Amino acid sequence: MSFIAGLHHVQVSCPAGSEDRLRGFYVDVLGMQELAKPAALAARGGAWFRAGTCEIHCGVEVPFAPARKAHPGIAVTDVDALAERVAAAGAEVRWDDNLPGVRRFHTDDPVGNRLEFQQA
C-alpha cells in the first residue's frame, strides 16, 4: 500500500536577492505563475512558481550552492518550442538523447540550478 498521492513541489536553492532574476526566468521564459508565499515564509525570501500541477519553490540558502546534478524533471507539451524560448532568452539548451524514446533537454536557471524538460 502506498500513501503517496502525487508530487506537490520541488524545492531548489537560491541566493538571497535573486528573486527578480528567478521571476524573469520562471515567469517570463517558462510561463509559470508566481505564487504568493504565506507571510511567515515570505520573510525568508525566495519565490514559488506554478504551472498546472507543477510547483517549483526557490528557497534562500546560505551559503548558496546551485544543484548541478540533482534536478526536477518537468514534462512539457512542446519541448522543441520551449527549447527555442529558453535559448532565445540566452540560457544554454543541452539536448540529451541518452534515454531512448524520450526527447529532453537540460538547462540552468539564472542562479545555476539544473532543470530538465522532457516531452510529455
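In the predicted model, a search of the whole structure returns 4 aromatic pairs. One of these pairs joins Phe25 and Tyr26, whose ring centres lie 5.3 Å apart with the planes at 85°, so the arrangement is edge-to-face. Since planes over 60 degrees apart count as edge-to-face, the angle of 85° places this pair in that class. Both residues are covered: Phe25 counts as buried because its relative accessibility is 6%, and Tyr26 counts as buried because its relative accessibility is 0%. Together with Phe49, Phe25 and Tyr26 make up one aromatic cluster. Another aromatic residue, Trp95, has a charged neighbour: Arg103 lies over the face of its ring, at 4.0 Å from the ring centre.

Strand β3 (residues 47-51) pairs with β2 (residues 33-35) in the antiparallel sense, through 3 bridges. Within this pairing, Leu35 has Trp48 of β3 as its bridge partner. Strand β3 also pairs with β4, again antiparallel, over 5 bridges; here Arg50 is matched with Glu55 of β4. The strands β3 and β4 form a hairpin with 2 residues between them, and Gly52 in the turn has a positive phi of about 60°. Most residues other than glycine have a negative phi, and most peptide bonds are trans. An exception to the trans form is found at Pro63, where the peptide bond from Val62 is cis, with omega near -5°. Pro63 is located in the loop between β4 and β5.

A further antiparallel arrangement involves β6, β7 and β8. Strand β6 (residues 94-96) is joined to β7 by 3 bridges in the antiparallel sense, and Trp95 has Phe105 of β7 as its bridge partner. Strand β7 is also joined to β8 (residues 114-119), with 5 bridges and an antiparallel course; in this pairing Thr107 is matched with Leu115 of β8. The hairpin of β7 and β8 has 5 residues between the strands, and Gly112 takes a positive phi near 100°.

Strand β7 (residues 104-108) is mostly covered, with 5 of its 5 residues buried. In a regular strand the side chains alternate between the two faces of the sheet. In β7 both faces are covered: Arg104, His106 and Asp108 are buried on one side, and Phe105 and Thr107 are buried on the other.

Pockets were examined next. Rolling a probe the size of a water molecule over the atoms shows where empty space is left. The largest pocket holds about 250 Å³ of space. Its lining consists of 13 residues, and Leu30, Ala51, Ile74, Ala75 and Val76 lie nearest the centre. Both β5 (73-76) and α3 (79-88) supply at least two residues of this lining, and the largest share, 3 residues, comes from β5. By class, the lining of the largest pocket has 10 nonpolar, 2 polar and 1 charged residues.

The second largest pocket holds about 170 Å³ of space. Its lining includes Leu7, His8, His9 and Val10, along with Thr53, Cys54, Glu55 and Ile56, and also Pro72, Gly73, Ile74 and Ala75. The elements that give two or more residues to this lining are β4 (54-60) and β5. The lining of the second largest pocket divides into 7 nonpolar, 4 polar and 1 charged residues. Ile74 and Ala75 belong to the linings of both the largest pocket and the second largest pocket.

Definitions and conventions. Residues numbered from 1 in each chain as written. Predicted model: local features only at pLDDT ≥ 70, side-chain atom pairs only at ≥ 80, totals over all residues. Heavy atoms only, no water. 1 Å grid on protein atoms, 1.4 Å probe; cavity = no way out; pocket = protein on both sides within 12 Å on 5 of 7 lines; lining within 4 Å. Points joined across faces, edges and corners; volume = space filled by probe spheres on them. Helix = DSSP H or I, 4+ residues; strand = E, 2+ residues; numbered from the N terminus. Nonpolar A, V, L, I, M, F, W, Y, C, P; charged D, E, K, R; others polar. Pairing = 2+ DSSP bridges. Phe/Tyr/Trp six-rings, centres within 6.5 Å; stacked < 30°, edge-to-face > 60°. Buried < 20%, exposed > 50% of the residue type's maximum accessible area, 1.4 Å probe, protein only. Lys NZ or Arg CZ within 6 Å of the ring centre and 35° of its normal.
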